[in-house]
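The following exercises ask the reader to work through the strands, helices and loops of one protein model. Each task is followed by a solution in steps.

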Amino acid sequence: MKVELYNHLVANRRSFMKGAAALAAGTALGSSLSGRAFAQDSVRAQILQIPGVGKGSPTDADWQKVGELCLAATKANVAEGEFAGVELTFMGLNNQNLHNFLFRGFLKPWEAYTGAKINWIDLAQADYNARLQQSIATGTVDFDIIEMGAPFEGDTASKGLLDEMPDWVKTQIDAEDLVNYLKPPVGSWEGKTYRITIDGDCHTFAYRKDYFGDGSITGLADVPTHWEDINAMSIALAGKNDPLTGTPAYGFLDPLKYQWGGFGFYFLEDRASAYAKHPDDPAWLFDPDTMKPRVNNPAWVQAIQDVMDLVKANAYPPDQLNADPNTTAFSQFLGGTGAALTWWGDVGSNARTSDTSVVGDVVGFSINPGAKKVYNSKTGAWEEKENFAPNLAYLGWGVYVTSRVSADEKKRKAAWSAAAHLGGKDLSLWTAAYPSGFQPYRNSHFQYEEWEAAGYDRAFVEDYLGSNADSYNHPNGAIEPRIPGIFQYYSIAEDELVKGINGQYASAQETADAIAAAWEKITDQIGRDNQIALYKASLGM
């Protein structure tokens, strides 16, 4: 899609989505003449009232109710008690007491109906990559089901560690409902499908609307849309007070404790993609012909320098050097500190449904900021033109079944049934609308009326869902490469970045050079020729 066409579509998105939502509503009304369709619509309406927007944070009892109401698809494929005696081990996250905690609740009714039992391996986000890589390296995969992101498919599917999805599962989860950028090749390897998508994952920009407008503390009519202006705003806020809390006001919130098991590197990418992802070049992390890192080119150095400039100006809250991404989103921004940040969709779904959020009435959303210049790696020169490149960070979480169950058909069916329950179309609507660790990822998630019925107001829904849709569909999106070792690259980059932020390197360039040198070693260890081939394939080259 050409950029000018995309900009035209974004300008008309709200009117288009209103028409699409009306069409969807009309179709649903017509199909409700059949009992089955009516029951389906009823289920979606029922679960969105559990517990209801503005009625506090959901509890384990709520998760179990949602899981129970969404069992119809399982009952169509599995007889009651069919999996009696089967035990499965599920490895996933416990980040912010979400992910695995919700899965437990969703799957309790499934366990009661099928007779299977699930044992849990809970991992902190910072520990996830190391635990998975250890299992792969030692050949000791001790889990039957895993919550995993598409970037790890190069580490797992390429080594024969995953079980291919049966056709009945594709039908049960309605795989065709996924937004286009999450369809194969995402979730597949060498033509075989392995993943049930449960998340959409891209970073979007969340900001405080009360920081802008007539008489606002920034003096700006609207939120800045370029990183250069966001930095200037952040510095100018020194000494002012937050209009909501009365505490000191701050601008953009970078998580200066970037070390987060590789996941923290995404937050530097948010800045870098605008400078580094040229519209005429699909690559921005490595040179696709050589795998030479681009992370130390002028674009990436500019992104690192932006952060260092804010550190030098004391523009961050106290002790920001110890703030990881969980802190910036859940403790700071949702708690009333700071004007803006980039994050996954959790900020949107938590803003009005979490007990700890105080910013629900004043939060706005858009795609990530752009830059007023973009670096052309092919010519080796800056181009003085506006550039936006949303960071499609992580390609979403999915549920995968490992090859550990492939030889036992009963256990295999049980594992896929559990995974399919978690990735069901109706249940996914609830996880998109409430705190879950996941964000919208199906076309059916963008029916505004369903969100309004849950208690969201239309303007908020259009803003939040629009920021996701505009990122997914952006013609210059910064794509996540599905190559072996991607989180090894990210993790070592975090280590070197933190050294630079803390002054252990003399400059942003020296910091970037250290990251590039570490990346070169990883590529040589894995095998450069193979990495080149897979990197090109991941970019569609």
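**Exercise 1. The pairing of β1 and β2**

Task: In this predicted model, determine how many bridges join strand β1 to β2, and whether the two strands run parallel or antiparallel.

Solution.
Step 1. Locate strand β1, which comprises residues 87-93.
Step 2. Count the bridges to β2: there are seven, and the two strands run parallel.
Step 3. For one position in this pairing, take Gly92, which stands opposite Asp122 in β2.
Step 4. Recall the general principle: strands of a sheet pair through backbone hydrogen bonds, either parallel or antiparallel.

**Exercise 2. The sheet that contains β2**

Task: State the order of the strands in the open sheet of five strands, and identify its edge strands.

Solution.
Step 1. Read the order across the sheet, which is β2-β1-β3-β12-β6, with mixed pairing.
Step 2. Identify the edges: β2 and β6 (195-197) each pair on one side only.
Step 3. Note the twist, which averages 30° from one strand to the next.
Step 4. Add the helix: α7 lies across β1, β2, β3 (145-149) and β12 (397-401), and runs at about 110° to β3.

**Exercise 3. The loop residue Ala124**

Task: Establish where Ala124 lies, and decide whether Ala124 is buried, partly exposed or exposed.

Solution.
Step 1. Ala124 lies in the loop between β2 (117-123) and α7 (125-138).
Step 2. The relative accessible area of Ala124 is 31%. Residues under 20% count as buried and those over 50% as exposed, so Ala124 is partly exposed.
Step 3. With residues up to four places away in sequence left out, Ala124 touches Leu93 and Asn94.
Step 4. Ala124 and Asn95 are 29 residues apart in sequence, whereas their C-alpha atoms are 5.7 Å apart in space.

**Exercise 4. The three-stranded sheet around β7**

Task: Give the order of the strands in the open sheet that includes β7, and explain why one side of each edge strand is without a neighbour in the sheet.

Solution.
Step 1. Three strands form this open sheet in the order β8-β7-β9, and the pairing is antiparallel.
Step 2. β8 and β9 stand at the edges and have a single partner strand each, so one side of each lacks a neighbour in the sheet.
Step 3. From one strand to the next, the twist averages 25°.
Step 4. Helix α18 (residues 458-472) packs on the sheet and touches β7 and β9; the direction of α18 makes about 25° with that of β9.
Step 5. Consider the two pairings of β7. Four bridges link β7 to strand β8 (residues 340-343), and four bridges link β7 to strand β9 (residues 363-366).
Step 6. Assign the opposite residues. Ala206 stands opposite Leu341 in β8 and opposite Phe365 in β9, while Phe205 stands opposite Thr342 in β8.
Step 7. Examine the burial of β7 (residues 204-208): five of its five residues are buried. Thr204, Ala206 and Arg208 point one way from the strand, and Phe205 and Tyr207 point the other way.

**Exercise 5. Ser216 in the loop after β7**

Task: Decide whether Ser216 is buried or exposed, and find which backbone oxygen lies 2.9 Å from a polar atom of its side chain.

Solution.
Step 1. Ser216 is found in the loop between β7 and α10 (227-236).
Step 2. The relative accessibility of Ser216 is 14%; the cut-off for buried is under 20%, and therefore Ser216 counts as buried.
Step 3. The backbone oxygen in question belongs to Gly213.
Step 4. With residues up to four places away in sequence left out, Ser216 touches Asp210 and Tyr211.

**Exercise 6. The packing of α10 and α11**

Task: Classify the arrangement of α10 and α11 from the angle between them.

Solution.
Step 1. α10 and helix α11 (residues 265-276) pack at an angle of about 135°, and their axes are 11 Å apart.
Step 2. Angles over 145 degrees count as roughly antiparallel and 65 to 115 as roughly perpendicular. The angle of about 135° belongs to neither range, and α10 and α11 are therefore oblique to each other.
Step 3. The contact is made by Trp227, Glu228 and Asn231 of α10 and by Asp270, Arg271, Ala274 and Tyr275 of α11.
Step 4. By class, this contact has three nonpolar, one polar and three charged residues.

Note on methods:
Residues are numbered from 1 along each chain as its sequence is written. This is a predicted model: local features need pLDDT of at least 70, side-chain atom pairs count only at pLDDT 80 or more; totals for chains, interfaces and linings use all residues. Side-chain values use heavy atoms; hydrogens and water are left out. Buried means under 20% relative accessible area, exposed over 50%, partly exposed in between (1.4 Å probe, protein chains only). Contact means heavy atoms within 4.5 Å. Two strands pair if DSSP finds at least two bridges between them. A polar contact is a pair of N or O atoms within 3.5 Å; within protein, one must be able to donate a hydrogen and the other to accept it, and residues adjacent in sequence count only if both atoms are side-chain atoms. Axes are lines fitted to C-alpha atoms, for helices over the stretch in contact, and angles run from 0 to 180 degrees between N-to-C directions. Angles under 35 degrees count as roughly parallel, over 145 as roughly antiparallel, 65 to 115 as roughly perpendicular and the rest as oblique. Ala, Val, Leu, Ile, Met, Phe, Trp, Tyr, Cys and Pro count as nonpolar, Asp, Glu, Lys and Arg as charged, and the others, Gly among them, as polar.
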